[in-house]
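Work through the two exercises below with the model open, and try each task before reading its solution.

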Amino acid sequence: MKSLSDCLTKTTLATLMSAIVLSGALSSQVKAQEISGVEVAEQIVINDSQLQLNGAGVRSKFFFDLYVGSLYLTAPSADLASVISSDESAVRLNITSGMITSDKMRDAIIDGFDDATDGNTTDIQAQIDAFMALFSDEIKEGDQFTLLTSKVSGVTAYKNGVPQDTIEGEAFRQALLKIWLGDSPAQTSLKKDMLGK
């Protein structure tokens, strides 16, 4: 006959094993969420900066998903002014469609800067031109662009994890964020998703 202590030990062990399995399942869910076939990380670390996912959504056109846009901040916020003025943030674009070419991406970003500045890009035109050079190479489905913004250093662009260039200037940095988050964003629903609304 089993002693009470044996039963308790087995029950405790079973409970502990269940907790471990459940914990593992939860932690895997915390690490990433899937949007339009893209695993969106809950946290990213770039240049020793740890940023948390604030929100993510899909940029679509004519019923086609073009890319998944994600916004990362040092602390979650739905307040646009706080996001724009934050010391560090990152916008990540995961390309999900072969419809996006380097030419189309450049055209979209030029239009985005025009909308973000109410058509007054003169003061940041040199930075925009430098930024456009980042999209001269072929863009393929599965490519990932990460745009790390910093009040100190400006905007550092990464393609598939490889640093491309850093473009300085606070006015440029804010205009870049406003492409997705400003009054005339690339897509209103994506803006809301990135702000976690």
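Phe145 has a relative accessible area of 4% and is therefore buried, where buried means under 20% relative accessible area with a 1.4 Å probe and protein chains only. The model is predicted, with local features requiring pLDDT of at least 70 and side-chain atom pairs pLDDT 80 or more, while totals for chains, interfaces and linings use all residues. Residues are numbered from 1 along each chain as its sequence is written, and side-chain values use heavy atoms, without hydrogens and water.

**Exercise 1.** Classify the pair formed by the rings of Phe135 and Phe145.

Solution. Begin with the criterion: rings of Phe, Tyr and Trp (its six-membered ring) pair if their centres lie within 6.5 Å, and planes under 30 degrees apart count as stacked, over 60 as edge-to-face and the rest as tilted. The ring centres of Phe135 and Phe145 are 5.1 Å apart with the planes at 45°, so this pair is tilted. Next, consider burial: Phe135, at 2% relative accessibility, also counts as buried.

**Exercise 2.** Determine how Phe131 and Phe135 are arranged, and place their pair in its wider setting.

Solution. First, take the geometry: Phe131 and Phe135 lie 5.3 Å centre to centre with 70° between the planes, which is an edge-to-face pair. Then check accessibility, which shows that both Phe131 and Phe135 are buried. Finally, widen the view: the structure holds five aromatic pairs, and one aromatic cluster is formed by Phe113, Phe131, Phe135, Phe145 and Phe172.

Methods
Buried means under 20% relative accessible area, exposed over 50%, partly exposed in between (1.4 Å probe, protein chains only).
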